[in-house]
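Colleague: I am new to this structure and would like a close look at a single part. Please choose one residue, describe its surroundings, and then work outwards until I can place it within the whole chain.

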Amino acid sequence: QVQLVESGGGLVQAGGSLKLSCAASKNIFTINAMGWYRQAPGQQREAVATIISTGSTNYTDSVKGRFTISRDTAKNTVYLQMNSLKPEDTAVYYCNAYIRTWLGVWRDYWGQGTQVTVSS
């Protein structure tokens, strides 16, 4: 079964930085898109940043210029560098990947989530 393991969350003061990592493993034939989503208490999950196999990236407006998504294809790992963090960035951040397994099936996979808390 495909696994996505996240790391790098934590508590940081406003204006600080954090870097999230997400490594995908097991039964992976190829990965198309990878991305980060977040969900704050009482809010719907939203897409933060995505990167596809060509390297093209997309960001939600509220993080443009502050967050950078990158990917190490050889390691099946996606990163999210978060700078100039704001209290409103506080949420559980989830890694997502659209993966084809060795069985030939394409589907979305999710990590377990990592808490990011930004204090004012």
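Modeller: I will begin with Y37, which has a relative accessible area of 22% and therefore counts as partly exposed. That label follows because buried is kept for values under 20% and exposed for values over 50%. Please keep in mind that this is a predicted model.

Y37 belongs to strand β4, which covers residues 28-39. Leaving aside residues up to four places away in sequence, Y37 touches R45, E46, A47, V48 and T50, and further along the chain V92, Y93, Y94, N96 and W110. T50 can be followed in terms of distance as well: 13 residues separate Y37 and T50 in sequence, and their C-alpha atoms are 8.7 Å apart in space. Strand β5 spans 46-51 and strand β9 spans 91-101.

One of the residues that Y37 touches, Y93, leads to the largest nonpolar core. This core has 30 residues, and Y93 is listed with W36, L80, M82 and I99 as having the most contacts inside it. Strands β3, β4, β5, β7, β8, β9 and β11 each give two or more residues to this core. The largest share is that of β9, with five residues. As a general background, nonpolar side chains in soluble globular proteins tend to be buried together.

From Y93 the next step is M82. Once residues up to four places away in sequence are set aside, M82 touches Y93 along with G16, S17, L18, L20, R66, F67 and V116. Two of these, L18 and V116, are also touched by G10, whose contacts include Q115 and T117 as well, again without residues up to four places away in sequence. G10 lies in strand β2, residues 10-13, and is partly exposed because its relative accessibility is 24%. G10 and Q115 are 105 residues apart in sequence, yet the distance between their C-alpha atoms is 6.1 Å. V116 can be related to E88 too: those two are 28 residues apart along the chain, with 10 Å between their C-alpha atoms. E88 sits in the loop between β8 and β9; its relative accessible area is 56%, so E88 is exposed.

W36, another of the residues with the most contacts inside the core, leads to S21. With residues up to four places away in sequence left out, S21 touches W36, V5, E6, S7, V78 and Y79. S21 is part of strand β3 and is buried, because its relative accessible area of 19% is under the 20% limit. Y37, at 22%, is partly exposed.

Two loops deserve a short mention. The loop between β3 and β4 holds K26, so K26 lies just before the strand that contains Y37 in the order of the elements. K26 has a phi near 75°, a positive value in a residue other than glycine, and is partly exposed at a relative accessible area of 49%. N76, in the loop between β7 and β8, is likewise not a glycine and has a positive phi of about 50°. Its relative accessible area is 23%, so N76 is partly exposed.

Now the whole chain. The protein chain has 11 strands and zero helices, and its radius of gyration is 14 Å, close to the 14 Å that the globule rule gives for 120 residues, so the chain is as compact as a globular protein of that length. Taken along the principal axes, the C-alpha atoms fill a box of roughly 45 × 25 × 25 Å. Of the 120 residues, 38% are buried. Among contacts with a separation of 6 or more, 55% join residues 24 or more positions apart; the contact between G10 and Q115, 105 residues apart in sequence, is one of this kind.

Finally, the surface. The accessible surface of the protein chain comes to about 6,400 Å², and carbon and sulfur atoms account for 48% of this area. The chain has 11 positive and 7 negative charges, and the mean positions of the two sets lie 7 Å apart.

Conventions:
Residues numbered from 1 in each chain as written. Predicted model: local features only at pLDDT ≥ 70, side-chain atom pairs only at ≥ 80, totals over all residues. Heavy atoms only, no water. Core = buried A, V, L, I, M, F, W, Y, C linked by side-chain atoms within 4.5 Å. Buried < 20%, exposed > 50% of the residue type's maximum accessible area, 1.4 Å probe, protein only. Helix = DSSP H or I, 4+ residues; strand = E, 2+ residues; numbered from the N terminus. Contact = heavy atoms within 4.5 Å. Rg over C-alpha atoms; globule rule 2.2 N^0.38 Å. Areas by Shrake-Rupley, 256 points an atom, 1.4 Å probe, with all protein chains shown as cover. Lys, Arg positive; Asp, Glu negative; His and termini not counted. Charge placed at Lys NZ, Arg CZ, Asp CG, Glu CD.
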